[in-house]
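The following note sets out points for a colleague who is examining this model. It proceeds from the chains as wholes to individual residues.

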Amino acid sequence: MQISRRDFLKAAAVFLTATQVAGLKKALAGYGLPPVIWLQGQGCTGCSVSFLNSVYYATVDELLTGVVDLKYHSTVMGVAGAPAVSPARLRSVSATEVSALSGEWLSEGDDLVFDLNKDGLVDMSDFAALQQQGYVLVVEGAIPFGADGRFCDAGGGMTMVEALRTFAGPANAVLAVGTCAAYGGISAGAPNPTGAVGVKSALGTLGINKTVIRIPGCPTHPDWIVGTVADLLAGKTPALDADGRPLSFFGATVHERCPNKARYDADFARRVDRHGEEVSVNGRSCLTCHANTDGHVKNPRQLGMTGCLYPLNCKGRVTHADCPVRKWNSAGKGEYGVNWCVGGRSPCHACTERSFPDGVSPFFTPNGPGADD
Amino acid sequence: MATTITIDPVTRIEGHLKIEVTIDTVGGLQQVVDARSSGTMFRGFEIMLSGRDPFDGAYYTQRICGVCPVSHAMAACTAIEKGLGTAPPANGRIMRNLVLGANYLQSHILHFYHLAALDYINTRGILDCGPWGPQYATPDMIGGETAAVLVGHYVEALQMRRKAHQMGAIFGGKLPCVSTFVPGGCTEVPTAAKINEFRVLLGQVRDFVVNTYIPDVQAVAATFGDYSHIGAGCGSLIAYGVFDLDSSGSTKLLRRGRYTNVSVQTLDVAQIREYVKSAWYTADCGNLAPASGQTKVSPDKAGAYSWIKAPRYQEAVYEVGPLARMWVNGDYTLGISVLDRLMARALETLKVADAMAGWLDELAVDQTGYAYLAVPTTVTARGLTEAPRGALGHWVTVADKKISRYQVVTPTAWNASGRDDRDQPGPIEQALLGTPVADVDQPVEVLRVIHSFDPCLSCSVHMLRPDGRRCTVVPLQGLPV
């Protein structure tokens, strides 16, 4: 049933108390911005620091004051200890609270500020929207299961395992930000001394069946987080690849869009067969020869050179990310970044991939004179 | 009666730290009478690095800390280079200094505004939404119009630290975590356009440091005069030194040394040992020099309360950080306290920014900063540098072209360490002693002391009631529910 704001106003005057009015006001103060809870597991805070660099879509202050209600983030929040943890636990309005809210709903003038579901009416369906506000869970860092989870406390006396169990189930969406949260990453590097795993795997162990959007990168790019969250807030479900990564950012390999691809095609494509395996001549890899820079090989490749770095063990061919186009550390709105790994004349080291770091080590080979000996 | 309180998590730091303080009234003043600092996260980098390619260290160790990755890259590259008896070409040294310097600017600005300032500013009515609300609001805090101005600076500082990272990416490839630092130098090449781009950003950030950051620290100092004698701590300081000004590293912008017993003295790095009596590692990992250090966990060890080993110099407790660097270098010797740490950090920011402007002029345009180094078969070496928050060392052993031992001693290991084998509390634990606490439900004084060290780990400060119950602190300000 929908009741007009005016009808509500009339009714309200009869049964509302001042306390109820205050209660509603409080509830609505935090409404409007979708709540986000950002947990830090076993990681380096690098993804949070990278998030602070956001500017291409929006700056971090714009995001936090006008786009999302970041209820919990231990690197930036005001209070510490128990009061820091308690808002993270407050995820929805209780039924009792909602009934207490009725009053002041109507006492705020005629501008329909409480038309939360934007249907032109202020009614009980708006209360329901308020009650079901939900939240987005962002997880940064891996989740270690070793030593009963004691290798990482999430604060408030909870291990990261317990925190994930508490917050993942009721979340409207779960984002695994950074390669540690996405796949285990650096934190799960061999021999994985703490039994660290990524969010999806941890949820599986905990018996929680939930879609996890993976936004890898070591660290991840701020635009990849912000762009994905923007889609979610607009009610769009981002198209994901088989690994759960948004196609809009991870749909192509670094190699496909690399500015050096033409050089690769001219110089090195013939040196690998159609399966991507290096062709060898007389037992020696052609690419190994290009590693030698002492003058007897055409087109030697070395760190610090412009052009294709494939013979330095560049991982661009297996790495999904839009770094060649988007680049890093943008200067302003709608501007691509000032540089990126290959732009800095060093190879891509596949930091957005499940295989990072163990499967892509060594990250590069430092070619030079005699490197083929 | 003594009250023990636990703040968990300690927020506005990098990582997971837990500190427990016992509060009692002594001489009519309610104050901290005991403190315990616990690192509550362990990843096992030293274990994971064993067996890896020696040159992977510079990338792998950057992931120890996303706030100071550049310093880890610098330490890792320097260790290999020192071990091989080489140094990067001048352009490589200078570009690495410029990227490291850019990250100092980023980190110091971030520290004051985004990590520390909310201990001093009452932001109620100004920043009521998440993640800033609920907030502490004690009677001594700066409020009113000044608070509103400072919050404006908080927002401006977000932009400035972003610009500092942008600056670092010009020669670093990207930030956080640079790609261009490799043993042998820096793979970027300084074009005239890149130098100019860097210089413009540096000018903007420097203006902010001079016109906003330093005056704001002075304003906090003027309001919180008591803190020039709160949080003194152990009183001894160590700096490894940083920003090599020549290829040998014998001259640095901020030099190596230590301050103890009222004088600056030379530092013999071989006198450093790490202790594990209070840390969850097996006893045989203790009393070892980092070069022969071991990391074997023992999560059930009796009496232990932290994942942080306790580094000591000649068995004595030392503090590290910007104050230590500025003191040893003779740039700042006013005192050792909460305010002195904030002020030395701000003044160091300006010193580094001014030096960077000069380094830009020293770059040879379009010349390489990299000289080829082959992966070494064997190396035993150390790389010493300074992270924004203090002395950082990597000790590496390479055998058969693989890392066979890697030990890292971070600045926060020095500062946030627990009791050592002689039961001496670490620097933060000592600095908390005597800190007045007006309201145990808003222990903001404790946070001021902790934050002055800019700790960088996964920490929490546990505050427990005498009966062992967790101290319940009511949410301070309107929350939905």
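1. Helices and strands are here DSSP runs, with at least four residues for a helix (H or I) and at least two for a strand (E), numbered from the N terminus. By that reckoning, chain B comprises 11 helices and 17 strands, and chain A has 15 helices and 13 strands. The model is a predicted one.

2. The overall dimensions of chain B merit a remark. Its C-alpha atoms occupy a box of roughly 65 × 50 × 50 Å along the principal axes. The radius of gyration of chain B is 22 Å, which agrees with the value near 23 Å that a compact globule of 481 residues would have.

3. Burial and contacts may be read chain by chain. In chain B, 67% of the 481 residues are buried, and in chain A 59% of the 373 residues are buried. Of the contacts in chain B with a separation of 6 or more, 71% join residues 24 or more positions apart; the corresponding figure for chain A is 72%.

4. As regards surface and charge, chain B exposes about 14100 Å², with 51% supplied by carbon and sulfur atoms. Chain A exposes about 14100 Å², and there carbon and sulfur atoms supply 53%. Chain B carries 42 positive and 45 negative side chains, and the centres of these two sets are 5 Å apart.

5. The interface between the chains brings 88 residues of chain A into contact with 83 residues of chain B. About 7000 Å² is buried between chain A and chain B, and carbon and sulfur atoms give 61% of that area. On the chain A side, C44(A), F151(A) and F364(A) lose the most area to chain B, together 8% of what that side buries.

6. Why is helix α11 of chain B described as largely enclosed by the rest of the structure? Nine of the nine residues in this helix (residues 444–452) are buried, so the description follows. The buried residues include the charged-type side chains E445(B) and R448(B), as well as V444(B), L447(B) and I450(B). Just after α11(B), D454(B) adopts a positive phi of about 55°.

7. Two further residues with positive phi should be checked. R345(A), which is not a glycine, has phi near 65°; it belongs to the segment after β13 (337–339) of chain A. Is R345(A) buried or exposed? With a relative accessibility of 18%, R345(A) counts as buried, because the cut-off for burial is under 20%. N261(B), also not a glycine, has a positive phi of about 50° and sits in the loop between β9 (257–260) and β10 of chain B. N261(B) counts as exposed, at 66% relative accessibility.

8. T266(B) is placed in the loop between β10 (263–265) and β11 (272–275) of chain B. Its relative accessible area is 65%, so T266(B) is exposed. Neighbours within four places in sequence aside, T266(B) is in contact with R258(B) and Y313(B). N415(B) lies 149 residues from T266(B) in sequence, and their C-alpha atoms are 20 Å apart.

9. Two cis peptide bonds should be noted. One runs from C218(A) to P219(A), with omega near -5°; P219(A) is in the loop between β9 (212–215) and α11 (222–233) of chain A. Another runs from L175(B) to P176(B), with omega near -5°; P176(B) is in the loop between α5 (144–172) and β4 (181–182) of chain B.

Technical notes: Residues numbered from 1 in each chain as written. Chains lettered and ligands numbered in written order. Predicted model: local features only at pLDDT ≥ 70, side-chain atom pairs only at ≥ 80, totals over all residues. Heavy atoms only, no water. Rg over C-alpha atoms; globule rule 2.2 N^0.38 Å. Buried < 20%, exposed > 50% of the residue type's maximum accessible area, 1.4 Å probe, protein only. Contact = heavy atoms within 4.5 Å. Areas by Shrake-Rupley, 256 points an atom, 1.4 Å probe, with all protein chains shown as cover. Lys, Arg positive; Asp, Glu negative; His and termini not counted. Charge placed at Lys NZ, Arg CZ, Asp CG, Glu CD. Buried area = accessible area lost by both parts, 1.4 Å probe.
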